[in-house]
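Trainee: I would like to understand how the labels given to a protein model follow from its numbers. Could we go through some of them slowly, one label at a time?

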Amino acid sequence: MSSYNVKPSKPVAIFGAVFGVALLLFGIFSGIGRNNGFLWLWVAAGVGIIGFNLWAAFSKRGATEVVETREDSPDSSR
C-alpha cells in the first residue's frame, strides 16, 4: 500500500487566506452578531481559515489530504 500527500497549490492557498481575511473584516466591521455572541464564532472561523491556508501554503508538511492506494495482487481476490 502506498500513500502520498496532496497539497493545494500556493496560489490557491494564498487566495483562501485572503478570502479568510475578507471574511474576518466583513464580520468585524458589519456588526454581524454583536448582540448574541455570533461575532466570536465568525472571528474564530475567519482565523481558522487564514491559519489553515497559510499553513498549507508555506509549510513543507502542509498537506491537506493523504491518499492511499492499494495494489491488488491477482491472488488476493479470494
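Mentor: Let us begin with contacts in this predicted model: of the contacts in the protein chain with a separation of 6 or more, 69% are between residues 24 or more positions apart.

Trainee: What is the pattern of helices and strands along the sequence of the protein chain?

Mentor: Read along the sequence, the pattern is β-α-α-β, which agrees with the 2 helices and 2 strands of the protein chain.

Trainee: How far apart in sequence and in space are S3 and R70?

Mentor: They are 67 residues apart in sequence, and from C-alpha to C-alpha they are 8.6 Å apart in space. S3 has its place in strand β1, which covers residues 2–6.

Trainee: What makes S3 count as partly exposed?

Mentor: The relative accessibility of S3 is 47%, and the label "partly exposed" is used between the cut-off for buried, under 20%, and the cut-off for exposed, over 50%. The value of 47% lies between those two cut-offs, and therefore S3 is called partly exposed.

Trainee: Which residue lies 8.2 Å from G20, C-alpha to C-alpha, and why is that residue called partly exposed?

Mentor: That residue is G48, which is 28 residues from G20 in sequence and has its place in helix α2. G48 has a relative accessible area of 39%, so the label is partly exposed.

Trainee: Helix α2 also holds N53 and L54. Why is N53 called buried, and why is L54 called partly exposed?

Mentor: N53 has a relative accessible area of 14%, and because buried means under 20%, N53 is called buried. L54 has a relative accessible area of 38%, which is not under 20% and not over 50%, so L54 is called partly exposed.

Trainee: Which residues are in contact with N53, leaving aside its neighbours within four places in sequence?

Mentor: Those residues are A13, G16 and A17. They are called contacts of N53 because contact means heavy atoms within 4.5 Å.

Trainee: Which residues make the nonpolar surface patch, and what allows L54 to be part of such a patch?

Mentor: The patch, of about 360 Å², is made by I14, V18, L54 and F58. The elements that give two or more residues to the nonpolar patch are α1 (10–30) and α2 (38–58). Patch residues need over 30% relative accessible area, and L54, at 38%, therefore passes that cut-off.

Trainee: How many aromatic pairs are there, and why is the pair of F26 and W42 called tilted?

Mentor: The count comes to 3 aromatic pairs. F26 and W42 are 6.2 Å apart from centre to centre, with 50° between the planes; they count as a pair because the centres lie within 6.5 Å, and as tilted because the angle is neither under 30 degrees nor over 60. F26 lies in helix α1 and W42 in helix α2, so the pair ties together parts that are 16 residues apart in sequence.

Trainee: Which residues do ring pairs link into a cluster, and are F26 and W42 buried or partly exposed?

Mentor: Ring pairs link F26, F38 and W42 into a cluster. W42 counts as buried because its relative accessibility of 19% is under 20%, whereas F26, with a relative accessible area of 48%, is partly exposed.

Key:
Residues numbered from 1 in each chain as written. Predicted model: local features only at pLDDT ≥ 70, side-chain atom pairs only at ≥ 80, totals over all residues. Heavy atoms only, no water. Patch = residues over 30% accessible without salt bridge, like charges linked within 9 Å, V, L, I, M, F, W, Y side chains within 5 Å. Areas by Shrake-Rupley, 256 points an atom, 1.4 Å probe, with all protein chains shown as cover. Salt bridge = Lys/Arg side-chain N within 4 Å of Asp/Glu carboxyl O. Helix = DSSP H or I, 4+ residues; strand = E, 2+ residues; numbered from the N terminus. Buried < 20%, exposed > 50% of the residue type's maximum accessible area, 1.4 Å probe, protein only. Phe/Tyr/Trp six-rings, centres within 6.5 Å; stacked < 30°, edge-to-face > 60°.
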